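Me: I would like to learn how to read a structure like this one, feature by feature. Could we take the features in turn, with the general idea before the case?

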Amino acid sequence: MNQETIQSEFEARYGKPTLLVRSPGRVNLIGEHTDYHLGFVLPAAVDKEIIFALAPSSDDQAHLHAVNLDESIAFNPQDFRKSNKDWGNYGLGVVDQRRQRGYSIPAFNCTFGGNIPQGAGMSSSAALECGLAIGLNELFGLGIDKIELVKLSQRAENEFVGMNCGIMDQFASVFGKARQALKLDCRSLEYQYYPADIAGYKIVLFNSGVKHSLVDSEYNVRRSQCEEGVALLQKLGKEVESLRDATLPMLEKNQEHFDEVVYRRCAYIVNENQRVTDACEALARQDLATFGQKLYESQQGMQHEYEITVPETEFLVDQTRSEPAVLGGRQMGGGFGGCIINLIKEAEINRFSDQLAQAYKEKFDLDLEVYIADIVNGTETMNNVQ
Ligand code: GLA
């Protein structure tokens, strides 16, 4: 789905667009489920993205048209309810946030489409929210800064869609930078870029094809189990506002007070935060072996402590362990399926992908999709409306 298609779909419906925006999906190198515990993450925006064409509308109805699905919604931006189309609610959520903040949004027309695989854990929803948020900001000269647009997009998902996600996906989609991974402190929102353009290696995703459905999955259960852990630590007199403030010795010393499952959930988060820091240091000194090792350790934690992996993704990661061309790998994103992310020697990608696809087919009778992810800039307007 390229720019010409999105633009001509717009012209066929609404006339000439005045603005084009591109908004990328993301990968997360390491730091899984740490964002909503105010910890660290290391995502990057990638070249799987959504393109939007926009213009003000001449009547009081706003129109959103999803080109990939060939579906549309129409609504009055001052007065609307939830849509029965899931994708529609990501867009409506962004307009709703504006409305709540007292901005009056004039009606607009928008077509969008792209190539972010659905259900793969690559944050197509964040790309949709952030692309529309930045597009409307530009189209109507609202002057909201980028960080506010990120927060607004996250709140759209929390409040309108009902998914209690953290801030990582929206932040990565907006603040991503070509060839760099973004270490984000999810408490202070300070961030730092680390070079992730690794000579001879590529970030490769293998899509298990098993779909995660975050809203009704275990995501919110994990969140409350960890909150239970924080409440317990507070009761024991520890000064913690979130698991970000907890340390491993603190947990270990108080293990007897914890429910066994809650303890493992908390230990995973504390360890995963440390792994992000270690992985960033390894990247900075180009120590790829250590970096890869951290990915495998993250996988172990997700499998045994946080328990968000599934047999399909466990199998895929296990298959990479004995392959010298793969430096490290782990399940990526919200969990319960989706992609595994790996760092693989470029010259060996085709051979290894074929081998893995065959093994996966034999074991689960499922097809494996392979994406090579190049790291690109975050959401931006495109200056070439023709
Ligand atoms: C989803 C959420 C993110 C983050 C990840 C897990 O992608 O939207 O906020 O919590 O899961 O790391």
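Me: Where is Glu272 found, and is Glu272 buried or exposed?

Reply: A word of care belongs at the start, since this is a predicted model. A residue is called buried when its relative accessible area is under 20%. Glu272 is found in helix 8, and because its relative accessibility is 0%, Glu272 counts as buried.

Me: Which side chain does Glu272 join through a polar contact?

Reply: The idea here is to look for a pair of N or O atoms within 3.5 Å. In this case a polar contact of 3.0 Å joins the side chain of Glu272 to the side chain of Ser298.

Me: What does the side chain of Thr111 reach?

Reply: A side chain may also be paired with a backbone atom, and Thr111 shows this, since its side chain reaches the backbone oxygen of Ile6 at 3.1 Å. Thr111 is found in strand 5, which covers residues 108-114, and Thr111 counts as buried because its relative accessibility is 0%.

Me: How should I read residues that are distant in the sequence, and what separates the C-alpha atoms of Gln7 and Phe112?

Reply: One sets the separation along the chain beside the separation in space. Gln7 and Phe112 are 105 residues apart along the chain, while their C-alpha atoms are separated by 8.8 Å. Gln7 is found in helix 1, residues 3-14, and with a relative accessible area of 5% Gln7 is buried.

A second pair can be read in the same manner: Ser353 and Val204 are 149 residues apart along the chain, and 9.4 Å separates their C-alpha atoms. Ser353 lies in helix 11, residues 349-364, and its relative accessible area of 6% makes Ser353 buried.

A third pair is Asn220 and Glu305, which are 85 residues apart along the chain and have C-alpha atoms separated by 16 Å. The place of Asn220 is in helix 6, residues 219-235, and Asn220 counts as partly exposed because its relative accessibility is 28%.

Me: Which residues other than glycine have a positive phi, Leu189 being one of them?

Reply: For this feature one reads the backbone angle together with the residue type. Leu189 is not a glycine, yet has a positive phi of about 65 degrees, and the place of Leu189 is in the loop between strand 6 (180-185) and strand 7 (191-195). With a relative accessible area of 15%, Leu189 is buried.

Glu307 is another such residue, with a positive phi near 50 degrees, and Glu307 is found in the loop between helix 9 (288-304) and helix 10 (311-321). Glu307 counts as partly exposed because its relative accessibility is 32%.

Me: Which residues touch the most other members of the largest nonpolar core?

Reply: A core of this kind is read as a set of buried residues joined through side-chain atoms. The largest nonpolar core here has 106 residues, and Leu54 and Phe108 touch the most other members. Helix 8 (residues 260-284) gives the largest share of this core, 12 residues. The core also draws at least three residues from each of domain 1 (3-195 + 376-382) and domain 2 (201-373).

Me: Which residues surround the ligand?

Reply: One may begin with the list of neighbours and then turn to the atom pairs. The residues around the ligand are Arg26, Glu32, His33, Asp35, Tyr36, Cys165, Gly166, Met168, Asp169, Tyr219, Gly333 and Gly334. By type, this shell divides into four nonpolar, four polar and four charged residues. The shell draws at least three residues from each of domain 1 (3-195 + 376-382) and domain 2 (201-373).

Me: Which polar side-chain atoms lie 2.6 Å or 2.5 Å from an oxygen atom of the ligand, and how much of the ligand's accessible area does the protein cover?

Reply: Glu32 has a polar side-chain atom 2.6 Å from an oxygen atom of the ligand, and an N or O atom in the side chain of Asp35 is likewise 2.6 Å from a ligand oxygen atom. For Tyr219, a polar side-chain atom lies 2.5 Å from an oxygen atom of the ligand. The ligand on its own has 300 Å² of accessible area, of which the protein covers 97%.

Conventions
Residues are numbered from 1 along each chain as its sequence is written. This is a predicted model: local features need pLDDT of at least 70, side-chain atom pairs count only at pLDDT 80 or more; totals for chains, interfaces and linings use all residues. Side-chain values use heavy atoms; hydrogens and water are left out. A residue is near a molecule or strand if one of its heavy atoms lies within 4 Å of it. A polar contact is a pair of N or O atoms within 3.5 Å; within protein, one must be able to donate a hydrogen and the other to accept it, and residues adjacent in sequence count only if both atoms are side-chain atoms. Accessible areas come from the Shrake-Rupley method with a 1.4 Å probe; for residues, only the protein chains shown count as cover. Ala, Val, Leu, Ile, Met, Phe, Trp, Tyr, Cys and Pro count as nonpolar, Asp, Glu, Lys and Arg as charged, and the others, Gly among them, as polar. Domain bounds come from an automatic or database domain assignment. Helices (H or I, at least four residues) and strands (E, at least two) are DSSP runs, numbered from the N terminus. Buried means under 20% relative accessible area, exposed over 50%, partly exposed in between (1.4 Å probe, protein chains only). A nonpolar core is a set of buried Ala, Val, Leu, Ile, Met, Phe, Trp, Tyr and Cys residues joined through side-chain atoms within 4.5 Å.
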